[in-house]
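Hi,

Here is the structure I said I would pass on. Have a look at it first, and my notes follow below.

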Amino acid sequence: MPVITDVRPAAGTAGRLPGLRSRILALAGFLGLSAAAWVLASIPIILNSSGWYAGSLKAPWMPPPLMFRITWMVLYIGVAAAAWLVWRKGRLKGPALAGYAVQLLLNAAWPVTFFAMYPMAGTAALWAALLVICSLAATLAFLIVRFGPIDATAGLLMLPYFAWVVFSASLNLYSAVHN
């Protein structure tokens, strides 16, 4: 049975949906924010992947590095689309907007904590990174619950991101325990 999402605008939007031009610009903006977060998050990974991380113990279930690049690119597109779907209904505000911003910040903070802080703080950085990624998972769970009732597709788009973050947390935990 197909899911029919409610396309009515939120109360207080004067009964108008954003025009086509506004929708395209907003989607470009959300994609741009995701791309910026992806680039920022990539810098500490690139700078440290051949350093301490190359010689570290990794989980036996660690996927190949290329899988991370592809997966994160797809996930960032998905979160941009999810936020856009909620925005176009006039509902990306208050706690939903805060959750969206927090997940971008936490996602950018994790590689800094895990990769860049390890040379200075050692294993403590890996445990701090675990706290960051668990906070990210909690924020994503919040967004799934918040976005889903507004737009079912937006909620569903957040599920792979949540699953990947939980998987990544397992890799982080292994690193913290074994390095």
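**Helix 1 against helix 2**

In helix 1, the residues S22, R23, A26, L27, F30, L31, S34, A37, W38 and A41 meet R69, W72, M73, Y76, I77, V79, A80, A83, W84 and W87 of helix 2. Sorted by class, that contact comes to 16 nonpolar, two polar and two charged residues. Helix 1 covers residues 20-48, and its angle with helix 2 is about 145°, the axes lying 9 Å apart. If you look at the handedness, helix 1 and helix 2 cross in a right-handed way.

Before you go further, do keep in mind that this is a predicted model.

**The overall picture**

The protein has six helices and zero strands, so if you read along the sequence you get α-α-α-α-α-α. There are 179 residues, and 40% of them count as buried. About 9,500 Å² of the protein is exposed, with carbon and sulfur atoms supplying 75% of that area. For the contacts with a separation of 6 or more, 82% are between residues 24 or more positions apart.

**Helix 2 again, this time with helix 6**

Helix 2 also packs against helix 6, at an angle of about 145° and with 8 Å between the axes. This crossing is left-handed. On the helix 2 side you will find M67, F68, T71, W72, L75, G78, V79, A81, A82, L85 and V86, and they meet T153, A154, L157, M158, P160, Y161, W164, V165, S168 and L171 in helix 6. The class split here is 17 nonpolar, four polar and no charged residues.

**Helix 5 and helix 6**

Next along is helix 5 (residues 123-150), which packs with helix 6 (residues 152-178) at about 165°, their axes 8 Å apart. Angles over 145 degrees count as roughly antiparallel, and helix 5 and helix 6 are therefore roughly antiparallel to each other. Their crossing is left-handed. In this contact, 25 residues are nonpolar, six are polar and no charged ones turn up.

**Three residues to click on**

Q103 sits in helix 3. Is Q103 buried or exposed? Its relative accessibility is 0%, and the cut-off for buried is under 20%, so Q103 counts as buried. Leaving out residues up to four places away in sequence, Q103 touches V79, L136, T139, L140, L143 and Y161. One of these, V79, is also on the helix 2 list for the contact with helix 6, and Y161 is on the helix 6 list.

R146 belongs to helix 5. With a relative accessible area of 33%, R146 is partly exposed. Which residues does R146 contact, leaving aside its neighbours within four places in sequence? They are P95 and A96. R146 and P95 are 51 residues apart along the chain, and their C-alpha atoms are separated by 8.4 Å.

R91 is in the loop between helix 2 (65-87) and helix 3 (95-116). R91 is partly exposed too, at a relative accessible area of 39%. Going from C-alpha to C-alpha, R91 and D151 are 9.7 Å apart in space, with their positions 60 residues apart in sequence.

Cheers

Definitions and conventions
Residues are numbered from 1 along each chain as its sequence is written. This is a predicted model: local features need pLDDT of at least 70, side-chain atom pairs count only at pLDDT 80 or more; totals for chains, interfaces and linings use all residues. Side-chain values use heavy atoms; hydrogens and water are left out. Helices (H or I, at least four residues) and strands (E, at least two) are DSSP runs, numbered from the N terminus. Buried means under 20% relative accessible area, exposed over 50%, partly exposed in between (1.4 Å probe, protein chains only). Axes are lines fitted to C-alpha atoms, for helices over the stretch in contact, and angles run from 0 to 180 degrees between N-to-C directions. Angles under 35 degrees count as roughly parallel, over 145 as roughly antiparallel, 65 to 115 as roughly perpendicular and the rest as oblique. A crossing is left-handed if the near helix is turned anticlockwise from the far one by less than a right angle, and right-handed if clockwise. Ala, Val, Leu, Ile, Met, Phe, Trp, Tyr, Cys and Pro count as nonpolar, Asp, Glu, Lys and Arg as charged, and the others, Gly among them, as polar. Contact means heavy atoms within 4.5 Å. Accessible areas come from the Shrake-Rupley method with a 1.4 Å probe; for residues, only the protein chains shown count as cover.
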